Amino acid sequence: MSSQSIIWIGMDVHKDTVMVAVYRGLEQEPEIVQQLPNERRKLRRFFERWSQRGVVRCCYEASGAGYVLHREITEWGHDCDVIAPSLTPVRPGERRKHDRRDAIQLARLYRAGELVPVRVPSADEERVRDLVRCRQCFQREILRSRHYVTKFLARRGFVFREATPWTRKHRRWLESLLHEGHLEAPDRWVFGEYLALLDYKISRRDDLDEQIEKLALSPAYKPFVDRLRCFRGINTLAAMTLATEIGDGRRFERATQLMAYLGLVPSEHSSGDRQHKGPITKAGNSRCRHVLVQAAWKYRHRPAIGVDLKKRQTGQPPHVVAHAWKAQHRLHKLFHRIAARRNNQIAAVATARELVGFLWATMQELEHQRSRAIDYAA
């Protein structure tokens, strides 16, 4: 295909408008830069007009606009990529940014092959992922409501010091404050509303947990979730978070690529003979990174198989269980070796990064089995 017959289109997408910049072939300047309404009919007419002059290839940055436009353009028969905005090259001296320049920059860099596309999930994958994210949102809201309760009581001189907060004993203490006349009438009304709000959020979170448990048993997720749950610290929610956020693990050829995708590799600023490595980049998926670091804290304890873990490993392939047992020994030693030199927080992050390697190996083996099954069926 001649390079002159390719139409390169960069789009800066907003809720109501789409700024488009069009390059034909290897031309130095865009042939047209204009703002279009973000309406399906008018955008389709625009792409049909340009497709008569060559092969259309377009892109836009991942944002709150989601993947609806990508799916529509693909349905119309044109190539479309969604670009990772954090990996878009930026000139250090540029201090101007507006929609027109953004669209031109996208089209020019896309033509030069300097942009990195993201994996676009299917519509069903996106729905399940949003369900898991909604559950995480309610967990944050529960924490916020707990702060409402404790801080309100602290302003009235009531502080719970008898045991760990938010246990059954703490809950009984809260109920006693509400019903035994320790608070004045206006305070009792406010406190009751805070508790009711907290209980509502907990009930909604529990309902979401039930929905996630059902989805985890579906054929699309069960093999992935069952194998990841063999590892210490990975429950159903953590496994579903990894499954929905990572998607197809075959796109990561090495475990280090997955570590970098999750933002768990050290940052680096080296020049000449000077080498400096800093904290982790945190440039990847924060939700996966959170569940992995939380799981890593479990490995500070000695290797063991408790009741819950044994139940999760029942019926799973022996080599996966052995792999998880090997991970316990290795990660436990790693955690305490680093904690002795640095601190527990750094040790947990390093352990999470090492845990990714074990999970990557499990995902690759599972994806290989899936591909073999598909080839055999074909």
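**Reading the evidence in a predicted model**

Guide: The largest cavity has a volume of about 40 Å³, and this, like everything else we discuss, comes from a predicted model.

Visitor: What makes that space a cavity rather than a pocket?

Guide: A cavity is a set of grid points where a 1.4 Å probe fits but cannot get out, whereas a pocket is an open set. Rolling a probe the size of a water molecule over the atoms shows where empty space is left. With 30 Å³ or more as the threshold, the count comes to one cavity.

Visitor: Which residues line the largest cavity, and which elements give two or more residues to the lining?

Guide: The lining consists of Leu-228, Leu-242, Ile-246, Leu-258, Leu-262, Leu-292, Val-356, Leu-359 and Met-363. Two or more of the lining residues come from each of α8 (236-246) and α13 (344-377), and α13 provides the largest share, three residues.

Visitor: How do you know what chemical character the lining of the largest cavity has?

Guide: Leu, Ile, Val and Met are among the residue types that count as nonpolar. The lining divides into nine nonpolar residues, no polar and no charged.

Visitor: Why is Ala-255 called buried?

Guide: Ala-255 has a relative accessible area of 16%, and since buried means under 20%, the residue is classed as buried. Ala-255 is placed in helix α9 (residues 255-261), and its C-alpha atom is separated by 7.1 Å from that of Val-356, although the two residues are 101 apart along the chain. Across the protein chain, buried residues make up 39% of the 378 residues.

Visitor: How do you know that Lys-97 and Asp-102 form a salt bridge?

Guide: A side-chain nitrogen of Lys or Arg has to be within 4 Å of a carboxyl oxygen of Asp or Glu. For Lys-97 and Asp-102 the N to O distance is 2.8 Å, so the pair meets the criterion. The partners fall into separate classes of exposure, as Lys-97 counts as exposed at 69% relative accessibility, while Asp-102 counts as buried at 17%.

Visitor: What makes Arg-91 and Glu-94 a salt bridge?

Guide: Their closest N and O atoms are 3.7 Å apart, and because the cut-off is within 4 Å, the pair is accepted as a salt bridge. Glu-94, at 23% relative accessibility, counts as partly exposed. The whole structure holds 26 salt bridges by this search, and Arg-24, Glu-31 and Arg-53 are linked in a network of them.

Visitor: Why is the salt bridge between Glu-245 and Arg-133 said to tie parts of the chain together?

Guide: The side chains of Glu-245 and Arg-133 meet at 2.8 Å, N to O. Glu-245 lies in helix α8 and Arg-133 in helix α4, so the pair ties together parts that are 112 residues apart in sequence. Glu-245 is buried at 6% relative accessibility, whereas Arg-133 is partly exposed at 23%.

Visitor: What makes Tyr-148 a member of a surface patch?

Guide: Patch members need over 30% relative accessible area and no salt bridge, and nonpolar side chains are joined within 5 Å. Tyr-148, in helix α4 (residues 123-155), has a relative accessible area of 34% and is therefore partly exposed, which also puts the residue over the 30% threshold. Together with Leu-197 and Tyr-200, Tyr-148 forms a nonpolar patch with about 290 Å² of accessible area.

Visitor: What makes the backbone of Trp-166 worth pointing out?

Guide: Most residues other than glycine have a negative phi. Trp-166 is not a glycine, yet has a positive phi of about 65°; this residue lies in the loop between α4 and α5 (168-179) and is partly exposed, with a relative accessible area of 27%. Lys-282 also has a positive phi, near 55°, and is placed in the loop between β7 (277-280) and α10 (286-296).

Visitor: Why is Lys-282 called exposed?

Guide: Exposed means over 50% relative accessible area, and Lys-282, at 57%, therefore counts as exposed.

How values were computed
Residues are numbered from 1 along each chain as its sequence is written. This is a predicted model: local features need pLDDT of at least 70, side-chain atom pairs count only at pLDDT 80 or more; totals for chains, interfaces and linings use all residues. Side-chain values use heavy atoms; hydrogens and water are left out. Patches are made of residues with over 30% relative accessible area and no salt bridge: like charges are joined within 9 Å, nonpolar side chains (Val, Leu, Ile, Met, Phe, Trp, Tyr) within 5 Å. Accessible areas come from the Shrake-Rupley method with a 1.4 Å probe; for residues, only the protein chains shown count as cover. Helices (H or I, at least four residues) and strands (E, at least two) are DSSP runs, numbered from the N terminus. Buried means under 20% relative accessible area, exposed over 50%, partly exposed in between (1.4 Å probe, protein chains only). On a 1 Å grid over the protein atoms alone, a cavity is a set of points where a 1.4 Å probe fits but cannot get out, and a pocket is an open set with protein on both sides within 12 Å along at least five of seven lines; lining residues have an atom within 4 Å of a point. Grid points are joined across faces, edges and corners, and a volume is the space filled by probe spheres set on the points.
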